[in-house]
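Please examine the sequence and the three-dimensional structure shown below. The paragraphs that follow lead from one pair of strands outward to the whole protein.

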Amino acid sequence: MWVTEAADGFGLTVETTRQLCHKVTPYQTIDIYDTVKVGKMMLLDGIIQFTEYDEFAYQEMMAHLPLLAHPAPRRVLVIGGGDGGVLREIAKHPEPVVIDICEIDREVIDSVREFVPSMACGFDDPRVTVHIGDGSEFVRTRESWYDVVIVDSTDPGGPGEALFNAAFYADLKRAMTPGGVVASQAESIYLLPDIVRRLCAITNQLFRYGGYATVLVPTYPTGTIGVRVASDGRDVTVPVREPSPELAAQLRYYTGAIHRSAFAVPKFAEPLIAAR
Ligand code: SPD
């Protein structure tokens, strides 16, 4: 059976062998398949969130870009990210003492725990505390607390909608320590340029430094996705620390060289990234 993500006038089709999970929750539908080529694959509301084949690229860049752009990230927050992949990457760092996650849909966590342990292992780190709730409300409960915030959202339109507006980012900035770094799922410059522009405009208004990093992920439509990284503290396009040998040995995508090169954008995308 071929399963297609079809959205925004574009599609990406994957050959599956078996459906492992189908749930309808108050927030979204959750589907997990086994596939011929790309391992287990999870979709939320019909949109591919990860496949085991290439998820490392996205999770590594979402986590290591902001963590290695901060000199000493002790408290880290993930908003969304209920599949655990970003947590798994954060847990490879010794510096954080607090790793909080706020995921709106407990069923995402439970489904991944049951069917995709290679992702859900991120929840096993003792520094991780899980909060079930709306991330846009959660950030209002903290002030000057997190050194790094990672917004691992779905696309706007579903439960992720609230994570793409200016009020959310203003609250999020208040929840961050001075010089804190935020990294957000920032869509594809080819598929959703208006969303890229909106996210960059919001964060350009709030933060002094920023950049849009391209990540190669063949199972996202167009084969690329972006990570928007921003901070008031320093230029986030250059790592302040290199990965330790222990960390580097566990990585398949992120290197210091990738960090320094990923923020170069093609000419047509320059106005999107500079938007205000
Ligand atoms: N267009 C798909 C965007 C998916 C972003 N979230 C992925 C979650 C992986 N942790």
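Strands β2 and β3 run antiparallel and are joined by seven bridges. Here a strand is a DSSP run of E with at least two residues, a helix is a run of H or I with at least four residues, and both are numbered from the N terminus. Two strands count as paired if DSSP finds at least two bridges between them. The model is a predicted one, in which local features need pLDDT of at least 70 and side-chain atom pairs count only at pLDDT 80 or more, while totals for chains, interfaces and linings use all residues. Residues are numbered from 1 along each chain as its sequence is written, and side-chain values use heavy atoms, with hydrogens and water left out.

Between β2 and β3 lies a hairpin connection of four residues. Within this pair, Val24 stands opposite Thr29 of β3. Strand β3 comprises residues 29–35, and six of its seven residues are buried. Buried means under 20% relative accessible area, exposed means over 50%, and partly exposed lies in between, with a 1.4 Å probe and protein chains only.

On to the next partner of β3. Five bridges link β3 to strand β4 (residues 40–44) in the antiparallel sense, and Ile32 stands opposite Met42 of β4. The hairpin of β3 and β4 also has four residues between the strands, and there Gly39 takes a positive phi near 65 degrees. Strand β2 (residues 10–24) is likewise joined to β1, by six bridges, and these two strands run antiparallel. In this pair, Thr4 has Thr13 of β2 as its bridge partner.

These strands belong to an open sheet of five, in the order β1-β2-β3-β4-β5, with antiparallel pairing. Why is one side of β1 and of β5 left without a neighbour in the sheet? Strands β1 (2–7) and β5 (47–51) stand at the edges and have a single partner strand each, so one side of each remains free of a neighbour. From one strand to the next, the twist of this sheet averages 50 degrees. Such angles, from 0 to 180 degrees, are taken between the N-to-C directions of axes, which are lines fitted to C-alpha atoms, for helices over the stretch in contact.

A further open sheet has seven strands in the order β8-β7-β6-β9-β10-β12-β11, and its pairing is mixed. Its edge strands, β8 (128–132) and β11, pair on one side only. Neighbouring strands of this sheet are turned by 15 degrees against each other on average, direction ignored. The mixed pairing can be followed at β10. With β9, β10 pairs in the parallel sense over five bridges, and Val149 stands opposite Val182 of β10. With β12, β10 runs antiparallel, again joined by five bridges, and Val181 has Ser231 of β12 as its bridge partner. Nine of the 10 residues of β10 are buried.

Helices lie across this sheet. Helix α1 lies across β6, β9, β10, β11 and β12, and runs at about 155 degrees to β9. Helix α6 (residues 166–175) lies across β6, β9 and β10, and runs at about 135 degrees to β10.

In soluble globular proteins, nonpolar side chains tend to be buried together. A nonpolar core is a set of buried Ala, Val, Leu, Ile, Met, Phe, Trp, Tyr and Cys residues joined through side-chain atoms within 4.5 Å. The largest such core here has 38 residues, and those with the most contacts inside it are Met61, Leu65, Ile90, Val215, Val227 and Val229. Elements that each supply at least two of its residues include α1 (55–67), β9 (146–152), β10 (176–185) and β12 (224–231). The largest share of this core, eight residues, comes from α1. Apart from it lies another core, of 31 residues, among them Leu172, Met176, Val196 and Leu199.

Finally, consider the protein as a whole. Its secondary structure comes to 10 helices and 12 strands. Of its 276 residues, 58% count as buried. Among contacts (heavy atoms within 4.5 Å) with a separation of 6 or more, 67% are between residues 24 or more positions apart.
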